[in-house]
Amino acid sequence: ALVGRLFAHGGLSWAERGDDGVYRDQIRVPRNEYIWKPAIIVMGAGGELELDFANQDDVFHIALVASNGNRQVLELPVQTRGRVRVRLDQPGLYWFGCPVANHAGRGMLGLVIVKGEVDSAAKLDRPRMPRPSGN
């Protein structure tokens, strides 16, 4: 449900892979909206991602972005911009947000989706589950 809300509020974007192999995208914070636009970034495969954040708001924000188990922190004073480069090697879902006050609770949550196949050794070993018969 949360992913659906993020898409509706901030939109989705496919990060573009440059000649140097780094994925890049731009995210902005519109004035008085407390959201990231786009809120969902899709990477075609694992690797480096450079995000250019533009704070168009009249409020101080911080971008807290996942990076291979660590987080990168980018302070975004009023009407400024900055870049953060992270490394996301594995397929999966990686959250980013603004930890200032209750900004994340007001909508400043985002998601990076890294596409790709998970190594078979990393997959969970679960028994097959019955599926509901369909109507």
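**Exercises on backbone and ring geometry**

Q79 is partly exposed in this predicted model, with a relative accessible area of 49%.

**Exercise 1.** Determine where Q79 lies and what is notable about its phi.

*Solution.* Step 1: Q79 is found in the loop between strand 7 (70-76) and strand 8 (81-88). Step 2: its phi is near 55 degrees, a positive value in a residue other than glycine. Step 3: most residues other than glycine have a negative phi.

**Exercise 2.** Establish whether A101 is buried or exposed, and describe its backbone.

*Solution.* Step 1: the relative accessible area of A101 is 73%. Step 2: exposed means over 50%, so A101 is exposed. Step 3: A101 belongs to the loop between strand 9 (92-97) and strand 10 (109-114), and its phi, near 45 degrees, is positive in a residue other than glycine.

**Exercise 3.** Identify the form of the peptide bond from K37 to P38.

*Solution.* Step 1: omega of this bond is near 0 degrees. Step 2: the bond is therefore described as cis. Step 3: P38 is located in the loop between strand 3 (23-29) and strand 4 (40-43).

**Exercise 4.** Classify the ring pair of F53 and F96 and state what it ties together.

*Solution.* Step 1: the whole structure holds 3 aromatic pairs. Step 2: in the pair of F53 and F96, the centres are 6.3 Å apart and the planes form an angle of 75 degrees, which is edge-to-face. Step 3: F53 lies in strand 5 (residues 47-55) and F96 in strand 9, so the pair ties together parts 43 residues apart in sequence. Step 4: F53 is buried at 1% relative accessibility, and F96 is buried at 1%. Step 5: ring pairs link W36, F53 and F96 into a cluster.

Key:
Residues numbered from 1 in each chain as written. Predicted model: local features only at pLDDT ≥ 70, side-chain atom pairs only at ≥ 80, totals over all residues. Heavy atoms only, no water. Helix = DSSP H or I, 4+ residues; strand = E, 2+ residues; numbered from the N terminus. Buried < 20%, exposed > 50% of the residue type's maximum accessible area, 1.4 Å probe, protein only. Phe/Tyr/Trp six-rings, centres within 6.5 Å; stacked < 30°, edge-to-face > 60°.
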